[in-house]
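Biologist: I am new to this structure and would like to go through it slowly, one question at a time. Could you set it out in front of us before we begin?

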Amino acid sequence: MLSVILNRRSIRKYKNICVDKQIIEEILQAGSLAPSSKNRQPWRFLVVAGDAKKDMLRVMREGLLREKEKPLLPESARFYGGAEYTLQIMEQAPVIIFVVNPLGSDIHRVLNPEERIYEICNAQSIGAAMENMALTATEHGLGSLWICDTYFAYAELNHWLNVCGELAAAMAIGYADEAPAARPRKKLKDLVEWRE
């Protein structure tokens with residue numbers, strides 16, 4: 001398993017090759033088997049491909065245009081160019097998997113401390129599901145990209161997805177058309193403190 005972790009990369013260029021539905025289902029199965037706080041399993045997966053993907057891209061584009069005029073994330077304006085680039089990546093990838101948290105709170109709602117902890121635990125659980133999916137994609141010779149720039153089109157995508165819950169993340173899946181080198185990582189000795 002360590003070799004799969006070492007070989008996983010964030011892929012931003014994809015070949016125009018369809019991915020077999022059975023492989024996508026195995027990736028989703030891996031996501032669904034992730035550990036979750038109190039076994040809440042706070043995820044639903046929506047797989048978008050083909051003609052539906054064209055419609056989703058239109059909605060994402062509309063959200064990005066709205067974000068320029070009436071931003072949900074005004075302090076993140078410096079990342080707007082990255083969100084536009086993410087849209088281009090999403091156009092290339094044959095499959096986009098959206099992860100929706102059916103237990104999530106509206107992002108505008110102010111949470112009390114207990115609700116905030118609940119949200120943090122659910123986010124950790126979704127993170128585990130996303131990592132399982134990315135590693136399974138790598139194991140199948142596929143590339144993946146964990147996407148958070150969907151928040152720039154948050155309202156539009158939530159409306160388009162039309163599911164109970166809140167959009168948590170998205171993942172692009174496809175055959176890589178690039179082979180990026182591993183990005184620098186901090187040394188373990190700088191990250192770990194032992195207390196015995």
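Biologist: Which residue meets arginine 195 in a salt bridge through its side chain?

Modeller: This is a predicted model, and what follows is computed from it. Arginine 195 counts as exposed, at 71% relative accessibility, and its salt-bridge partner is exposed as well, with a relative accessible area of 58%. The side chains of the two meet with N and O 2.6 Å apart, and the partner is glutamate 193.

Biologist: How many salt bridges does a search of the whole structure find?

Modeller: The pair of arginine 195 and glutamate 193 is one salt bridge, and aspartate 55 with arginine 58 forms another, also at 2.6 Å from N to O. When the whole structure is searched, the number found is nine.

Biologist: What separates aspartate 55 and arginine 58 along helix α3, in terms of helical turns?

Modeller: Both residues count as partly exposed, aspartate 55 at 30% relative accessibility and arginine 58 at 36%. They lie three residues apart in helix α3, which spans residues 50–69, and therefore the separation between them is about one helical turn.

Biologist: Which residue is linked with Asp55 and Arg58 in a network of salt bridges?

Modeller: The side chains of aspartate 55 and arginine 58 already meet in a salt bridge of their own. That pair belongs to a network of salt bridges, and the residue linked with them there is Glu62.

Biologist: Which residue forms a salt bridge with glutamate 156?

Modeller: Glutamate 156 counts as buried, because its relative accessibility is 17% and the cut-off for buried is under 20%, whereas its partner, at 22%, counts as partly exposed. The closest N and O atoms of the bridge are 2.7 Å apart, and the partner is arginine 66. The pair links distant parts of the chain, 90 residues apart, with glutamate 156 in helix α6 (residues 154–161) and its partner, in helix α3, being arginine 66.

Biologist: How are α3 and α6 oriented, roughly parallel or roughly antiparallel?

Modeller: Two packed helices are described by the angle between their axes and the distance between the axes. Here the axes of α3 and α6 come within 8 Å and cross at roughly 150°. Angles over 145 degrees count as roughly antiparallel, so the orientation of α3 to α6 is roughly antiparallel.

Biologist: How many residues of the contact of α3 with α6 are nonpolar?

Modeller: α3 passes α6 in a right-handed crossing. The contact is made on the α3 side by Ala52, Asp55, Met56, Val59, Met60, Gly63 and Arg66, and on the α6 side by Tyr154, Glu156, Leu157 and Trp160. Of the residues in this contact, three are charged and one is polar, while the number that are nonpolar is seven.

Biologist: What covers the buried residues of α6?

Modeller: The buried residues of α6 are Tyr154, Glu156, Leu157, Asn158 and Leu161. What covers these residues includes β1, α3, β2 (95–101) and β4 (166–174).

Biologist: Is alanine 34 buried or exposed?

Modeller: Alanine 34 is found in the loop between α2 (21–32) and β1 (44–49). Leaving aside residues up to four places away in sequence, alanine 34 touches Trp43, Ser125, Ala128, Ala129 and Asn132. Its relative accessible area is 7%, so alanine 34 is buried.

Terms used
Residues numbered from 1 in each chain as written. Predicted model: local features only at pLDDT ≥ 70, side-chain atom pairs only at ≥ 80, totals over all residues. Heavy atoms only, no water. Helix = DSSP H or I, 4+ residues; strand = E, 2+ residues; numbered from the N terminus. Buried < 20%, exposed > 50% of the residue type's maximum accessible area, 1.4 Å probe, protein only. Contact = heavy atoms within 4.5 Å. Salt bridge = Lys/Arg side-chain N within 4 Å of Asp/Glu carboxyl O. Axes fitted to C-alpha atoms, helices over the stretch in contact; angles between N-to-C directions. Parallel < 35°, antiparallel > 145°, perpendicular 65-115°, else oblique. Left-handed = near helix turned anticlockwise from the far one by under 90°. Nonpolar A, V, L, I, M, F, W, Y, C, P; charged D, E, K, R; others polar.
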